[in-house]
Amino acid sequence: MTNNAEGIAADSSPPRPRAIVAGHGDFATGLISAVQQISGLGDVFLPLSNAGLSAEDIENRYREEASASGVHVFFTDLPGGSATLAVRRIMRVDPEMVLITGANLATLLEFVFQPDSDPREAALRAAEKGKAALAVFGGP
């Protein structure tokens with residue numbers, strides 16, 4: 001901890017993660033990279049990939065990361081994907097966990113711009129923003 005210009009102790013450590021982004025391949029790192037580029041707040045998220053892991057390994061890894069970080073919010077890619085299924089199994093024993101599936105960039109940006117909100121409440125508002133961000137132009 002360091003002192004700021006007024007001599008008041010200020011924490012210079014990186015922000016503590018508030019949520020985990022998980023999914024296939026580089027889904028998490030790609031979305032978090034975009035959040036970082038736009039907002040500078042990519043550190044709010046921990047990226048996890050399920051690449052090369054069995055269903056049991058995914059669940060164990062996600063459980064360990066959530067426990068170690070104190071995070072109770074997961075954003076995943078597909079509603080029926082292995083990342084989502086792993087988190088749903090974790091939720092059976094941790095009812096405080098919140099899961100948002102189908103996460104997109106609008107969802108994560110809304111989440112990071114609510115730094116003072118309870119992460120679970122911010123996730124619910126972010127999900128609404130993510131749904132509203134989907135649009136179709138043109139077509140038959």
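Which elements make a right-handed β-α-β unit? In the predicted model considered here, that unit is made by strand 5, helix 3 (residues 82-91) and strand 6. The protein as a whole holds 5 helices and 6 strands, and these follow one another along the sequence in the pattern β-β-β-α-β-α-β-α-β-α-α. Of its 140 residues, 36% are buried. When contacts between residues at least 6 apart in sequence are considered, 64% of them join residues at least 24 apart.

Strand 5, which spans residues 73-76, is covered on both of its faces. Val73 and Phe75 lie on one side and Phe74 and Thr76 on the other, and all of these residues are buried. Strand 5 is paired with strand 3 (residues 19-23), to which it runs parallel and is joined by 3 bridges; within this pairing, Ala22 stands opposite Thr76. Strand 5 also pairs in the parallel sense with strand 6 (residues 98-100), again over 3 bridges, and here Val73 is placed opposite Val98. The pairing of strand 5 with strand 6 thus accompanies the right-handed unit in which helix 3 is the helical member.

Helix 4 (105-112) contributes Thr107, Leu108, Leu109, Phe111 and Val112 as its buried residues. The cover over these residues includes strand 3, helix 1 (27-39), strand 4 (45-49), strand 5, strand 6 and helix 5. At the start of helix 4, a side-chain oxygen of Asn104 comes to within 3.2 Å of the backbone nitrogen of Ala106. Asn104 and Thr107 are also among the residues that line the largest pocket, and Thr107 is one of the buried residues of helix 4.

The largest pocket has a volume of about 160 Å³. Its lining includes Ile100, Thr101, Gly102 and Ala103, together with Leu124, Ala127, Glu128, Gly130, Lys131 and Leu134. Helix 5 gives the most to this lining, with 5 residues.

The loop between helix 4 and helix 5 (119-133) contains Gln114. Gln114 counts as buried because its relative accessibility is 8%, which falls under the 20% limit for that class. The side chain of Gln114 is joined to that of Arg125 by a polar contact of 2.5 Å. Once neighbours within four places in sequence are set aside, Gln114 is in contact with Arg18, Ala122, Arg125 and Ala126, so that Arg125 appears both in this group and as the partner in the polar contact, while Gln114 itself is counted as buried.

Arg61 is placed in helix 2 (residues 55-69). With a relative accessibility of 31%, Arg61 counts as partly exposed, since this value lies between the limits of 20% and 50% that bound the class. Apart from neighbours within four places in sequence, the residues in contact with Arg61 are Leu48, Ser49 and Leu53. Arg61 and Ser49 are 12 residues apart along the chain, and their C-alpha atoms are separated by 9.7 Å.

How values were computed:
Residues numbered from 1 in each chain as written. Predicted model: local features only at pLDDT ≥ 70, side-chain atom pairs only at ≥ 80, totals over all residues. Heavy atoms only, no water. Buried < 20%, exposed > 50% of the residue type's maximum accessible area, 1.4 Å probe, protein only. Helix = DSSP H or I, 4+ residues; strand = E, 2+ residues; numbered from the N terminus. Pairing = 2+ DSSP bridges. Right-handed = clockwise from strand over helix to strand, strands pointing away. Polar contact = N/O pair within 3.5 Å; in protein donor to acceptor, adjacent residues only side chain to side chain. Contact = heavy atoms within 4.5 Å. 1 Å grid on protein atoms, 1.4 Å probe; cavity = no way out; pocket = protein on both sides within 12 Å on 5 of 7 lines; lining within 4 Å. Points joined across faces, edges and corners; volume = space filled by probe spheres on them.
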